[in-house]
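Subject: Structure for you to look at

Hello,

Here is the structure I said I would send. My notes on it follow below.

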Protein chains: 2
Amino acid sequence: MISRLEALCLEKGLKMTGQRRVISQVLSEADDHPDVEEVHRRALLIDPRISIATVYRTMRLLEEAQVIERLDFGDGRARYEEAGADHHHHLIDTRTGRVIEFSCSELEAIKERIARELGYRIVAHRLEIYGVPLDEEEGKK
Amino acid sequence: MISRLEALCLEKGLKMTGQRRVISQVLSEADDHPDVEEVHRRALLIDPRISIATVYRTMRLLEEAQVIERLDFGDGRARYEEAGADHHHHLIDTRTGRVIEFSCSELEAIKERIARELGYRIVAHRLEIYGVPLDEEEGKK
DNA sequence: ACTAGGAATGCGAATGATTTTCAGTATTAT
DNA sequence: ATAATACTGAAAATCATTCGCATTCCTAGT
């Protein structure tokens, strides 16, 4: 069967190879924000002959085709998620690395307004909040 | 004379060496967002015997001491700015790389609210908008 | 189906930013 | 001043990512 991302790739006219199919499947099934090594690890479970170089190449390809989005949580490696319709942002738990997604239409509106006031059209943007759980804070007292 | 950042370092009890003084001066005088190589280049004009390794070490030291802030505009190298009192964000011109700073108290309030709703206390956050000038858009028509 | 030809892959080497190692030097408290 | 300790320069080491090249795999054309 065809994974969600594979279908998207076909729509965009990308040549589909065995390894791209596997990587598309991995990314379709992911509900987190894996880095390249993690994608490779998961891909190897499906087909053990995929090289990390191919994963890097494919991630770049998919990013350029806007099928996935590259994220950066400041830890030195790129993370990825499916390029969604909904504009959301990330709250990163600095203790555990857990990532919570959220979205806020007010935020979007304010951003648009700020860009317009500065004379710009937004081509991309990102908001990340790094935080620690409130309940753990209490625990420390 | 003592540069603004050098004073800050002294306050924080950092040992002040010749090269740290030079780097502090460079950073105090900068009104842009230089990367490590650029800081090194400017430092060399003041004292030609400063090594890039020392610049890297000092930038990290100053970042940890919260004297400067590390930025990341997605081009693979770290940028820095003086850690300011005012919470501002960056709009990056994707055509020229120019960086415009802006701040918005509404944004701050919304972010705080979102974090609280998710059960977190903010320890850091960042918002970057990447855009192209509106007037250049018109020119293309 | 069958084949040509241009992509895609795998491997290892190359890159670019950053960190570390280590021997020598400078800084600060005494 | 002096000792103890931290800092520096230079080069080697790392880490994530990209590239070069020989081989293999798709896709279009027949």
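To start with the protein surface near DNA strand D: its residues comprise 5 nonpolar, 6 polar and 8 charged ones. Please keep in mind that this is a predicted model.

Three helices each give at least two residues to that surface: helix 4 (52-64) of chain A, helix 2 (18-29) of chain B and helix 4 (52-64) of chain B. Helix 4 of chain A has the largest share, with 4 residues. There are 19 residues around DNA strand D, and those that come nearest are Thr17(B), Gln19(B), Arg49(B), Thr54(B) and Arg57(B).

Which part of the strand faces the protein, sugar and phosphate or bases? Of the strand D atoms within 4 Å of the protein, 77% belong to sugar or phosphate, and the rest belong to bases.

Some individual contacts to check on screen:

- Arg49(B): a backbone N or O atom lies 2.3 Å from a phosphate oxygen of DNA strand D.
- Arg60(A): an N or O atom of the side chain is 3.2 Å from a phosphate oxygen of DNA strand D.
- Arg57(B): an N or O atom of the side chain is 2.6 Å from a base nitrogen of DNA strand D.

As for the two protein chains, chain A superposes on chain B after a rotation of 180° with 0.0 Å of shift along the axis, at an RMSD of 0.1 Å. This is how copies about a two-fold axis are related. The same surface serves both copies, as 97% of the contact residues of chain A recur in chain B. Within chain A, the residue closest to the rotation axis is Leu127(A), whose C-alpha is 2.1 Å from it.

Regards

How values were computed
Residues are numbered from 1 along each chain as its sequence is written. Chains are lettered from A and ligands numbered from 1 in the order in which they are written. This is a predicted model: local features need pLDDT of at least 70, side-chain atom pairs count only at pLDDT 80 or more; totals for chains, interfaces and linings use all residues. Side-chain values use heavy atoms; hydrogens and water are left out. A residue is near a molecule or strand if one of its heavy atoms lies within 4 Å of it. A polar contact is a pair of N or O atoms within 3.5 Å; within protein, one must be able to donate a hydrogen and the other to accept it, and residues adjacent in sequence count only if both atoms are side-chain atoms. Ala, Val, Leu, Ile, Met, Phe, Trp, Tyr, Cys and Pro count as nonpolar, Asp, Glu, Lys and Arg as charged, and the others, Gly among them, as polar. Copies are superposed by least squares on the C-alpha atoms of residues with pLDDT of at least 70 in both. Contact means heavy atoms within 4.5 Å.
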